[in-house]
Each structure stands twice: as structure tokens, then as C-alpha cells.
Amino acid sequence: MAAFSIAPRYRALVLQDQSLPHIWLISDKRNDHVLEDALLRLPRSSGFIYRHYHLDDPQRFGRFRSLHRIARARGHTIILADSALTAREWGADGIYGAPRSLVPRRDGMLRLATAHNPKEVGLANRSGCDAVLISPIYPTRSHIEGVALGPVRFRLLARLALMPVIALGGMDTFRAQALDWPRWAAIDGLS
């Protein structure tokens, strides 16, 4: 297992950015009915990524506001899958999306990029993102057609990142412990 330890460069990044949560709950249509309870069960000061692409704008905003109150009361960092302008208007702490959509920071918002391959990790590096979610680590309902990276390929991709890496895809508490990675996110695994 020593061959797959966290790269020294990454270990330094982990130590530098202790403010970035270690556990992240991601919203989705399939976990919407349990999000209130899931947010309350998360350790204080965790992260919450609100996507809810399935709702139209007024419904999406209304649902966000109700979950925002719970997340703030628990001290969670709240990230919105939308523009920085919308995130600021809605009271989120940052934005989430593909690296191409995350222009360099000029507004104080956190930027969390998604990546599935070396090219996307490189784009996240060049965009100056605050963290990158690399996925899918394990088989997941979100990427039914895709092949899971597995721990070895995940670690190889993570070594390319110049920012903290959040493991995503089929993650739950058991898999997070087995992977032995400092930051992870889940949809079903935390719902």
C-alpha cells in the first residue's frame, strides 16, 4: 500500500488548506427526499454541493433556500452548480462544474471542478480551481455507462492535481476508509 501513498506535493496541499471540508454531500434527484436528514447527519462543517438539475429555476431556488437554512445551521460549506453570479445571489460559498465553466476566480467564490481524465485535471489546474472532484472511483449509478477508475488510476490522476482532490463515485464511509483519502464526496453513500 505504501506505493500508493499521497504524493508529497499533495500532502502539503492538504495541510495548507484545512478549511476545505473533508466530506461532501452532493444533491441529486434520487436523494432529494432525504436531503434534510442527510445534512443533519453530516459532521459539522462538511460540504454540500447543490445540483438539482431536474428542477426548473423557481423550484430549484425554493428547494435551495430550504436546504441552505439547514446547511448553514450545521456550518456546512455550500456550493452551487451554477454561475458565480447566481451562487452569490443565492448565498452559496462557491460553484461546481466542468473545469471549462470555471473561469479564474475574481469574486472570492470557491471553485470545485469535476474531472474524469488527465485532460480535465489539467484544465482544473489551469483554471486555478480550489479543489477537483475526480470520478468515478467505484461503479456508481451516476456513471452507469462509464468504467470506474479504481483506486490505482484514481491515485495516478490525483497526482496530477495542483489542488486538493475529492474522491467521488460509489463512495461511502466504508470505501472512503479503504481508499484512505482525506476528502471524499457521495450522493447515495451519504443519503
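**Helix 5 and the strands around strand 3**

Among the elements that cover the buried residues of helix 5 are strand 5 (110-115), strand 6 (131-134) and helix 6 (150-158). The model described here is predicted. Helix 5 itself spans residues 118-127, and its buried residues include Val121, Gly122, Leu123, Ala124, Asn125 and Ser127.

Both ends of this helix can be described. At the N-terminal end, asparagine 117 acts as the cap of helix 5, with a side-chain oxygen 3.1 Å from the backbone nitrogen of lysine 119. After helix 5 comes glycine 128, which has a positive phi, near 70 degrees.

Earlier in the chain lies strand 3, which covers residues 77-80. In a regular strand, side chains alternate between the two faces of the sheet. In strand 3, Thr77 and Ile79 point one way, while Ile78 and Leu80 point the other way. Buried or exposed: which are these four residues of strand 3? All of them are buried.

Strand 3 runs parallel to strand 2 (residues 47-50), and four bridges join the two. Within this pairing, isoleucine 49 has isoleucine 79 of strand 3 as its bridge partner. Between strand 2 and strand 3 the chain passes through helix 3 (residues 57-73), in a β-α-β crossover that is right-handed.

Strand 3 also pairs with strand 4 (residues 94-97), again in the parallel sense, over two bridges. Here isoleucine 79 stands opposite glycine 94 of strand 4. Isoleucine 79 thus appears in both pairings, with isoleucine 49 and with glycine 94. Helix 4 (residues 84-90) joins with strand 3 and strand 4 to make a β-α-β unit, which is right-handed.

How values were computed
Residues are numbered from 1 along each chain as its sequence is written. This is a predicted model: local features need pLDDT of at least 70, side-chain atom pairs count only at pLDDT 80 or more; totals for chains, interfaces and linings use all residues. Side-chain values use heavy atoms; hydrogens and water are left out. Buried means under 20% relative accessible area, exposed over 50%, partly exposed in between (1.4 Å probe, protein chains only). Two strands pair if DSSP finds at least two bridges between them. A crossover is right-handed if, with the strands pointing away from the viewer, the path from the first strand over the helix to the second runs clockwise. Contact means heavy atoms within 4.5 Å. A polar contact is a pair of N or O atoms within 3.5 Å; within protein, one must be able to donate a hydrogen and the other to accept it, and residues adjacent in sequence count only if both atoms are side-chain atoms.
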